[in-house]
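Grab a pencil and work through these exercises one at a time. Try each task yourself before you read its solution.

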Amino acid sequence: LLFGNEIPDTSAEMLEVIEIFKQINATKSTNKKKQILLDNADNELFKKCLKYAISNDKQFYIKAVKRVKSNRVFNADEFFRMLDYLNDKGSATKKEKEALFEMISGNDEIFEWCSRIIKKNLRIGVSSKLASLIVDDIKDDICMLCEEDEYIKYAFNDDGKAIVEPKLDGCRCIIRIDKITDKVEYISRNYKKFDILHYFDDKMVQLVEKIDVDVVELDCEITTKNGDFQDLMKLLFRKKVDVVRLCDIVFNIFDIIIPNVRLEDRKNLLWKLNFDGITTKIITGCKVFHEAEAWHEMEYYVKCGFEGAVVKNPDSYYEFKRSKKWVKLKPMKTIDVQCIDVFEGEGKNVGMLGGIIVDVNGVMCRVGSGFTDDEKRYYWKNKNEIVGKIVEIQYQQKTNDGSLRFPVFLRVR
């Protein structure tokens, strides 16, 4: 990452980029923002900063950026090489974070704006769509995502039909199989690669033999035969292959990514897969013709042990974003528990409440969601107003160790 004893100083170039960011942030007009972007389309460093801050395929695994003592000059190439390294590695150690912080701490403004890039939060009012005017290959989502149940009407087509599938409690994965080279990739919705799954490469190549395209992309949910989500996460991020445990994995394939093809037609293509029903399964769902039927199916799936249901428009095309054409239905539960402690927030929430720790039948559970900014400020200054009090927490389900899955603060009782 270093350039020998002397590192070229690109501070002036970066400060020029920062001035462009400030110009964009100073106007609320989308047309004016657009014009500023177009006026600076030849500034390669500006475009690179935009891409690394906005594109979702760039992830750096650092939540809080800390200023450190540094006499280093700023070098953009060194900075972006380090970000590429963290993105490829999929994690950041304490030493790697410190090295990165030292690279950007020599100048106040450079530290501030590089921090925003690292945290992927420029706060200048430029969306990925707007940035795409001058920056190539900005990635939003790698897969199609669901909206909440308030949009359920959009999941029905003009004939009043929808497809309902069980919502699995697993890990979303895009399997990309190149039939020419036999190369297989397993990619999470956050663009992280599951290298440990290469154990299944031969099976995946055989799976798509009858699909008549060179590169096949399958959308699936990975689960385990015992259904334990925490065990699955531990298994997927292991460095060493455990063949016995890997054999517990199930690839639940519910879509094949083909542009401009209706969901119902894509579902029919799934039957061409050479699935074995053990390691590879296909999820086709059932057809319903009324919202009440969809909710009834959700209740049935929950009784069968699933997370809920997903309602999909049969005419929907595959979109790489959150879409109203796919809607998730999930039951939620609430519980009254005692708050025993609080913890401080990170990043922009430093000096405010980050969340609370509650006692769930002797199991300590951290709850960080559900607080407004006003509540974060108030409860951090007035801890006695929440610590020791009974609070109502919404959650999806209890984990095997008795903690709460997806806990959300509702209110102090």
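**Exercise 1: the cores**

Of the 44 residues in the largest nonpolar core, Leu50 and Phe79 touch the most other members. A nonpolar core here is a set of buried Ala, Val, Leu, Ile, Met, Phe, Trp, Tyr and Cys residues joined through side-chain atoms within 4.5 Å. Buried means under 20% relative accessible area, exposed over 50%, and partly exposed in between (1.4 Å probe, protein chains only).

Before you go on: this is a predicted model, where local features need pLDDT of at least 70, side-chain atom pairs count only at pLDDT 80 or more, and totals for chains, interfaces and linings use all residues. Residues are numbered from 1 along each chain as its sequence is written, and side-chain values use heavy atoms, with hydrogens and water left out.

Task: find which elements give two or more residues to this core.

Solution, step by step:
1. Mark helices H1 (11–26), H2 (30–39), H3 (44–54), H4 (76–89), H5 (94–104), H6 (108–118) and H7 (128–131): these are the elements you want. Helices (H or I, at least four residues) and strands (E, at least two) are DSSP runs, numbered from the N terminus.
2. Now pick out H3, which gives the most, with seven residues.
3. Then look for a second, separate core: it has 29 residues, including Phe194, Ile249, Phe251 and Ile282.

**Exercise 2: two positive phi values**

Task: work out where arginine 123 sits in the chain and whether it is buried, partly exposed or exposed.

Solution:
1. Arginine 123 has a phi near 60°, a positive value in a residue other than glycine.
2. You'll find arginine 123 in the loop between H6 and H7.
3. Its relative accessible area is 45%, so arginine 123 is partly exposed.
4. Now try asparagine 260, which isn't a glycine either and has a positive phi of about 60°. This one is in the loop between strand S6 (249–256) and helix H11 (263–270), and at 66% relative accessibility asparagine 260 counts as exposed.

**Exercise 3: the faces of H12**

Task: find which residues of H12 are buried and what covers them.

Solution:
1. The buried ones are Ala294, Glu297, Met298 and Tyr301.
2. Look down the axis of H12: these buried residues fall within an arc of 105° (taken from the directions from the helix axis to the C-beta atoms), so they line one face of the helix.
3. Flip to the other side of H12, where His296 and Lys303 are exposed.
4. The cover over the buried residues includes strands S2 (162–167), S8 (286–288), S9 (308–312) and S10 (322–329).

Definitions and conventions:
Contact = heavy atoms within 4.5 Å.
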